[in-house]
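Got your viewer open and a hand on the mouse? Let's take a walk through this model, one selection at a time.

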Amino acid sequence: STRELILAIESSCDETSVAVVLDGHIILSNIIATQINSHKRFGGVVPEIASRHHVEAITICAQEALEQAQVAYSDLTAVAVTYGPGLVGALLIGISAAKAIAYAHQLPLIPVNHMAGHMYAAAFVTELHYPLLALLVSGGHTELVYMKAAGEFEIVGDTRDDAVGEAYDKVGRVLGVPYPAGKTIDEMAHQGQDTFNFPRAMLQEHNLDFSFSGLKSAFINTVHHADQKQETLNANDLAASFQASCTDILVGKTLEALAKFPVQQLIVAGGVAANLGLREQLKAALTANQLDTELIFPPLRLCGDNGAMIGAAAHVMLARKEPFAGLDLNADPSLSF
Ligand code: KG4
Ligand code: ZN
């Protein structure tokens, strides 16, 4: 058949996901088994627990993905899998499953960078035109990426310390918000006001780098200080103040990047791209600066980790005739662009 059907597997962190993607931009199925409840009581992802859950879920997810898409193994064009960055044990479960399927059904194996996957979630929203810029914000990454052409990634801005999602989750612990804290802090922020005026690191510097550890420390110190004096602070105002700093930093650096790299499309992707405050502020900033750059956010359900985004990235790699992986494909926990 002439249909391009990619079975895409994602298991880099705490979501086991398998999707079937048609022609690079149509999602026939996108099964996501989340393990969040198993990690909540530890306040973060426990790698060993993550691996065990992936082992239990992966085959069922693959079967469900094919069933829901009404596709058989023999219909597939290729198998794609995330091979990094992520937790090594978690990655290896997805990779092993992908190898087994590729070997048993004689299919090409496409090795996908998880961050490229996040970025290509935007391909489900609209056709991408290059050059473009992407702001990739997740639990492990905070990057500005310039793309001259499809499949060509250049990191032009990066965090010097914590990723923004990591800062949300650490601040969440102090607030008593369960992991992952981003969505709840976002909701609290909308009920509060920026009364604490936390720092906005490096915003005055004309580079494209980020820093969130100072903000995190300022937040934690403020709360501990109040605890010592047996004062109670308004949690919604704390959340609003933290989020205002984060969004000011992200928006400021993104505007700086757009000035340096004038492009027609700006993609915002990764778990933190689900943040409603960030979405609102970025939209407002583009308007205020009279920039007609098209702002592309993947739908909320495609911002977090999922197989469909891996399928979209694999489609581009297939079109570019990038080399397939062999059955010796290994996980690369610190894979970069
Ligand atoms: O991309 P993702 O699902 O996994 C990684 O590759 O890291 O991102 C997860 C991160 C977590 O830190 C979570 O707290 C954050 O995304 N997150 C949010 C929101 N939803 C998820 N952060 C801010 N606002 C949100 N609405
Ligand atoms: Zn991710």
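Start by selecting V79, which sits in strand β4. Keep in mind that you're looking at a predicted model. Is V79 buried or exposed? Show what is around it: V79 has 28 C-beta neighbours inside 10 Å, so it counts as buried. The cut-off for that label is 20 or more. Now add G311 to your selection. The two residues are 232 residues apart along the chain, yet their C-alpha atoms are separated by just 8.5 Å.

Next, widen the selection to the whole of β4, residues 78-84. V79 has plenty of company here, as 7 of the 7 residues in this strand are buried.

Which strands pair with β4? Select β1, residues 5-10, for one of them: β1 and β4 run parallel and are joined by 4 bridges. To see one pairing up close, pick I9, whose bridge partner in β4 is V81. Then select β5, residues 109-113, which also runs parallel to β4, with 5 bridges between them. Here you meet V79 again, standing opposite L109 of β5. While you have side chains switched on, a handy tip: in a regular strand they alternate between the two faces of the sheet.

Now add helix α3, residues 88-104, to the picture. Together, β4, α3 and β5 form a β-α-β unit, and it is right-handed.

Time to jump to ligand 1. How many residues surround it? The shell has 19, and the closest are G139, G165, G182, G271 and N275. Two elements, α5 (164-175) and α6 (182-189), each give two or more residues to this shell. Colour the shell by residue type and you get 6 nonpolar, 9 polar and 4 charged residues.

Why does ligand 1 lie between two domains? Colour domain 1 (5-120 + 303-319) and domain 2 (130-297) separately: both give residues to the shell, so the ligand lies between them.

Stay with α5 for a moment. Its 12 residues reach 16 Å from first C-alpha to last, close to the 16 Å expected at 1.5 Å a residue. Of those 12, 9 are buried, so the helix is largely enclosed by the rest of the structure. Among the buried ones are G165, Y168 and K170.

Last stop: helix α9, residues 276-288. This one has 13 residues and reaches 18 Å, close to the 18 Å expected. After α9, click on Q290, where phi is positive, near 50°.

Conventions. Residues are numbered from 1 along each chain as its sequence is written. Chains are lettered from A and ligands numbered from 1 in the order in which they are written. This is a predicted model: local features need pLDDT of at least 70, side-chain atom pairs count only at pLDDT 80 or more; totals for chains, interfaces and linings use all residues. Two strands pair if DSSP finds at least two bridges between them. A crossover is right-handed if, with the strands pointing away from the viewer, the path from the first strand over the helix to the second runs clockwise. A residue is near a molecule or strand if its C-beta atom, placed from the backbone, lies within 6 Å of it. Ala, Val, Leu, Ile, Met, Phe, Trp, Tyr, Cys and Pro count as nonpolar, Asp, Glu, Lys and Arg as charged, and the others, Gly among them, as polar. Domain bounds come from an automatic or database domain assignment. The expected span of a helix is 1.5 Å times one less than its number of residues.
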